[in-house]
Amino acid sequence: TSSSMTSSLTFLFPPTPEVTINYRHGLPVVTLTLPTRSERCRFTVKPMVTTVGAFLQDVQREDKGIERAEVFATDGSKVSDATLMEVLLMNDFKLVINNTSYSVSPPVKDKLSSEHATEMEDIKSLVHRLFVALHLEDHQIRKERELLQKLDHLKEELLPLEQMKARIMDSANAKTSRLLWVGLALMSTQGGALAWLTWWVYSWDIMEPVTYFITYGSAMAFYAYFVLTKQDYIYPDAKDRQFLHYFYRKSKKQHFNVERYNKLKEDLAEAEESLRRLRQPLHLRLPIQEIHDKD
């Protein structure tokens with residue numbers, strides 16, 4: 001009879017689960033028994049804002065006797081304190097308080113209706129627009145100040161390199177011009193020598209084969225230029241090629257870092273473009289365009 005009465009009492013008064021979760025007014029409410037005070041306590045959670053770490057701190061704050069509070073997934077891996085409660089409540093988990101482990105099975109939350117979901121999206125969009133309206137000007141001013149400081153720093157680094165580059169370019173231009181004038185002088189001398197040999201020393205019958213081989217030799221020289229450079233012998237291109245040859249040779253002698261100079265110029269152009277895009281909506285009162293940082 002005693003045994004029957006005991007099982008009857010057990011059936012009439014089942015043990016209360018240690019940790020339960022239910023939803024009230026759309027928010028999850030976690031109910032658990034505090035180990036020191038031995039009483040049930042409810043914690044209302046804002047799943048999209050509250051993190052696991054904040055929830056555990058609230059539990060420990062409520063019961064000072066809790067020395068350890070952690071959350072583990074069903075596979076035994078520890079859940080990070082930075083995880084949102086919304087993510088945690090999607091699956092079963094284990095709540096460890098001191099040396100006691102509780103298996104928690106969150107209820108399946110009903111899916112929002114399409115109208116309610118649309119309303120929530122409208123609210124989120126409104127909150128986002130309000131945030132942008134309140135903080136946009138401060139963000140623009142702060143970003144503009146950062147870009148101006150970056151521009152000043154880049155210009156300060158570029159100044160000595162620009163001066164050195166100007167000197168090297170002047171030297172390379174002078175050498176290239178001298179080479180062009182030397183080529184003109186050699187061609188003039190060659191023409192004068194052929195005319196003198198043709199009319200004053202020999203006859204055209206003798207000089208004709210000479211001029212033929214000179215022309216053929218020039219054609220071979222132009223073809224050799226193409227083989228070596230993979231470019232046609234065009235006077236402007238040949239001049240630029242010779243200028244670059246003198247420029248890089250002079251840069252190496254004066255320890256001018258061309259790669260670093262080009263990188264600084266690219267960073268300067270990028271910062272100026274970002275500043276222009278940032279200032280445009282300030283003048284036109286338009287939404288700010290997104291500026292991507294490359295670092």
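Q: What makes a pair of side chains a salt bridge here?
A: A side-chain nitrogen of Lys or Arg has to sit within 4 Å of a carboxyl oxygen of Asp or Glu. By that rule, a search of the whole structure, which is a predicted model, turns up seven salt bridges.

Q: Why is the contact between E157 and R260 called a salt bridge?
A: Their side chains come to 2.8 Å, N to O, and the limit is 4 Å, so the pair qualifies. This one links distant parts of the chain: E157 belongs to helix α4 (residues 114–201) and R260 to helix α7 (residues 258–284), 103 residues apart.

Q: What makes E157 and R260 partly exposed?
A: Partly exposed covers what lies between buried, under 20%, and exposed, over 50%. E157 has a relative accessible area of 23%, so it falls in that range. R260 has 38%, so it counts as partly exposed too.

Q: How do you know that E162 and K265 form a salt bridge?
A: The N to O distance is 3.4 Å, and the cut-off is 4 Å, so the pair passes. Here again distant parts of the chain are linked, with E162 in helix α4, K265 in helix α7, and their positions 103 residues apart. E162 is partly exposed at 27%, and K265 is partly exposed at 34%.

Q: What about E273 and R276: where do they lie, and why does their pair count as a salt bridge?
A: Both lie in helix α7, three residues apart, which is about one turn of the helix. Their closest N and O atoms are 2.6 Å apart, within the 4 Å limit, so this is a salt bridge. E273, at 35% relative accessibility, is partly exposed, and R276, at 46%, is partly exposed as well.

Q: Why is I234 called partly exposed, and where is it?
A: Its relative accessibility is 41%, between the 20% and 50% cut-offs, so I234 is partly exposed. You'll find I234 in the loop between α5 (204–229) and α6 (235–253). F222 is twelve residues away from I234 in sequence and 9.8 Å away in space, C-alpha to C-alpha.

Q: How do you know that the buried residues of α2 line one face?
A: The buried residues of helix α2 (residues 52–62) are V52, G53, F55, L56 and V59. Looking down the axis of α2, they fall within an arc of 160 degrees, so they line one face of the helix. They pack against several elements, including β2 (27–33), β3 (40–44) and β4 (69–73). Helix α2 lies across β4 and β5, at about 140 degrees to β4.

Q: What makes β4 and β6 edge strands?
A: The open sheet has three strands in the order β4-β5-β6, with antiparallel pairing. β4 and β6 (100–104) each have a single partner strand, so one side of each has no neighbour in the sheet. Neighbouring strands are turned by 25 degrees against each other on average, direction ignored.

Q: Why are β5 and β6 said to pair?
A: Pairing needs at least two bridges, and β5 and β6 have five, in the antiparallel sense, so they pair. V96 stands opposite S101 in β6, and F93 stands opposite V104 in β6. The two strands form a hairpin with two residues between them, and N98 in the turn has a positive phi of about 55 degrees.

Q: Where is the predictor's confidence lowest and highest among the elements?
A: Helix α1 (residues 2–12) has the lowest mean pLDDT, 38, and β4 has the highest, 89. Over residues 1–16 the pLDDT stays under 50, and the model has one contact beyond four places in sequence for them.

Key
Residues numbered from 1 in each chain as written. Predicted model: local features only at pLDDT ≥ 70, side-chain atom pairs only at ≥ 80, totals over all residues. Heavy atoms only, no water. Helix = DSSP H or I, 4+ residues; strand = E, 2+ residues; numbered from the N terminus. Buried < 20%, exposed > 50% of the residue type's maximum accessible area, 1.4 Å probe, protein only. Arc of directions from axis to C-beta. Contact = heavy atoms within 4.5 Å. pLDDT = per-residue confidence, 0-100. Axes fitted to C-alpha atoms, helices over the stretch in contact; angles between N-to-C directions.
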